[in-house]
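Open the model in your viewer and keep the sequence panel visible. The stops below are given in the order in which to select them.

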Amino acid sequence: MQELVLFSYGTNLCLFCTLESTSFPRKIILYMKCLIFLTGGYPFGNNETFIENEIEFLAESFHKIFILVPGKLNKTSKRDTPKNTVIITPKKENQVFCRLGALCSKTFWQAFYSDIRRTDKKVSQITIFRNCWHYFSRALNLYKELKRLFKIYRLSPGEIVIYSYWLDEKSLAGILLKRNIPGVKVVSRAHRWDIYEEMQPSSFLPFRPFLYKNLDLLSIISKEGLNYLSNKFPELKKDIITLDYLGTLPIKKVEDKQEKKSFTIISCSRVIPRKRLELISNAIRFIEFPIHWIHVGGGPQLEKLKAETRDLLRGKENISVNFMGDLTNQQVKNLLAKQEVDLFISVSVSEGIPVSIMEAQSAGIPSLATAVGGVVEIVIEGTTGWLLPGNPTPEEIAKKIKKIRALSIEEMIEFKRNSLNHWRNNFNAELNFPAFAEKIKNL
């Protein structure tokens, strides 16, 4: 870690930034705040695009950012990061040693028995043990890398914040380090799957009480998620749990003078079962007026969705579809700036608060979305858009689109204005992320 070194010569003061001591008789070292950022893959690959909106603001608040990325991802494409970031790929430890290390850890057994006491009898003790064991073993691997990082860069514990973007084994690794090196602060965001245990195949997430007890700050991205945790874990310390919305950067619309002939809807997500994109294909086949559907995002089921959509819409001359695949975050912004879009649509089975809807609102696009998770905090019925039931039928979706299409120009302009204003007041990255960066910096 870099140290700020001041050398005094009588009344003159020279300021240098150096890593090593010198032989000058008077030296005062002021450590700079640094961030260790634990991600699921960013800046490699195509996932976690929303971090791109936040990283620049973190870089402005912290002297240096160390981003620890899973080793298996470092051979994929890499996105640009701020100049004061260092990308580190953790060395993969022998898994047998990590597994044995977990079984020899007093902390593991204490946290495991805490989970045994709190879980429903529907979750078998074998399932709980297996999940906890795997979880703790992965955390140990990352914990050892964090210790190496401290040694190599000579980091000062009191000036380090560990920030895990997900409430998972990465948060646990940070806490293990904090218990070994006092003075370190550990922060975690929590989004959707890492909050709601019912969404897991086993209806269980490991080490929740242990994590909540030992974090310095738990940042929830939605009111709905915050209320869920507060109700399910009343022992959770109120002073460590906060609501911190994510945000997106402004999108400046490019005026399009061309005559638009179709009602244009857009969706943006990974093509995975949870997003239920086949519902959109099924819905628009019930529409008679000209409609154009744009979908942004790739995924394992993209080719299947394309084939099903072709079959469903065969002979429907009024419908056109454009599957654009994966785009960079900047390409998505350019698309929203240039493309005249009438409606953003999301039919997910569950959500935190979709960043895709934030970006749509920043371009003045109203939304139609399922009322799941924190969606109701961004899509305000009759103001910024319209809500669908959590499990809508294609006919219900089509009926809603028809009603929206029938609105007057003045009414649609009002929805667009409301959407933009709602984004400005709640989801503007230029307001939300600097405030969050300063909050964790000053812990």
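Select β15 and strand β16 (residues 385-388): the two pair in the parallel sense over four bridges. Two strands count as paired if DSSP finds at least two bridges between them. Helices (H or I, at least four residues) and strands (E, at least two) are DSSP runs, numbered from the N terminus. Within this pair, Thr370 has Leu388 of β16 as its bridge partner.

This is a predicted model, in which local features need pLDDT of at least 70, side-chain atom pairs count only at pLDDT 80 or more, and totals for chains, interfaces and linings use all residues. Residues are numbered from 1 along each chain as its sequence is written, and side-chain values use heavy atoms, with hydrogens and water left out.

**Around β15**

Add strand β14 (residues 343-346), which runs parallel to β15 and is joined to β15 by three bridges. Ser346 stands opposite Ala369 in β15. Next show helix α11 (residues 355-362): β14, α11 and β15 make a right-handed β-α-β unit. To check the hand, view with the strands pointing away from you; the crossover is right-handed if the path from the first strand over the helix to the second runs clockwise.

Now turn on the side chains of β15 (residues 367-370). Ser367 and Ala369 point one way, Leu368 and Thr370 the other way, and all are buried. Buried means under 20% relative accessible area, exposed over 50%, and partly exposed in between (1.4 Å probe, protein chains only). In a regular strand the side chains alternate between the two faces of the sheet.

**The seven-stranded sheet**

Select the strands in the order β6-β5-β4-β7-β8-β9-β10, which form an open sheet of seven strands with parallel pairing. Which strands stand at the edges? They are β6 (85-88) and β10 (241-243), each with a single partner strand, so one side of each is left without a neighbour in the sheet. From one strand to the next the twist averages 20 degrees.

At the β10 edge, strand β9 (residues 217-220) pairs with β10 in the parallel sense over three bridges. The bridge partner of Ile220 in β10 is Leu243. Then select helix α5 (residues 169-180), which packs on the sheet and touches β4 (34-38), β7 (160-164) and β8 (185-190). Contact means heavy atoms within 4.5 Å. The direction of α5 makes about 165 degrees with that of β8; axes are lines fitted to C-alpha atoms, for helices over the stretch in contact, and angles run from 0 to 180 degrees between N-to-C directions.

**Loops and backbone geometry**

Go to the loop between β4 and α1 (51-61), where Pro43 is found. A cis peptide bond joins Tyr42 and Pro43, with omega about 10 degrees. Continue into α1: eight of its eleven residues are buried, so α1 is largely enclosed by the rest of the structure. Among the buried residues of α1 are Asn53, Glu54, Phe57 and Leu58.

Move to Ser203, in the loop between β8 and α6 (208-214). Although Ser203 is not a glycine, it has a positive phi of about 55 degrees. Is Ser203 buried or partly exposed? Ser203 counts as partly exposed, at 40% relative accessibility. Phe207 also lies in the loop between β8 and α6, and its phi is positive too, near 60 degrees. Phe207 is buried, with a relative accessible area of 1%.

Select Thr76, in the loop between β5 (64-68) and β6. Thr76 counts as partly exposed, at 37% relative accessibility. Leaving aside neighbours within four places in sequence, Thr76 is in contact with Phe44 and Gly45. For a distance label, pick the C-alpha atoms of Thr76 and Pro182: they are separated by 36 Å, with the two positions 106 residues apart along the chain.

**The whole chain**

Zoom out to the protein chain, which has 14 helices and 16 strands. Its C-alpha trace spans about 80 × 65 × 40 Å along the principal axes. Of the 443 residues, 53% count as buried.

Finally, colour by pLDDT, the predictor's confidence in each residue, from 0 to 100. The chain averages 89, and 90% of the residues score at least 70. Over residues 1-30 the pLDDT is below 50, and beyond near neighbours in sequence this stretch has 58 contacts in the model.
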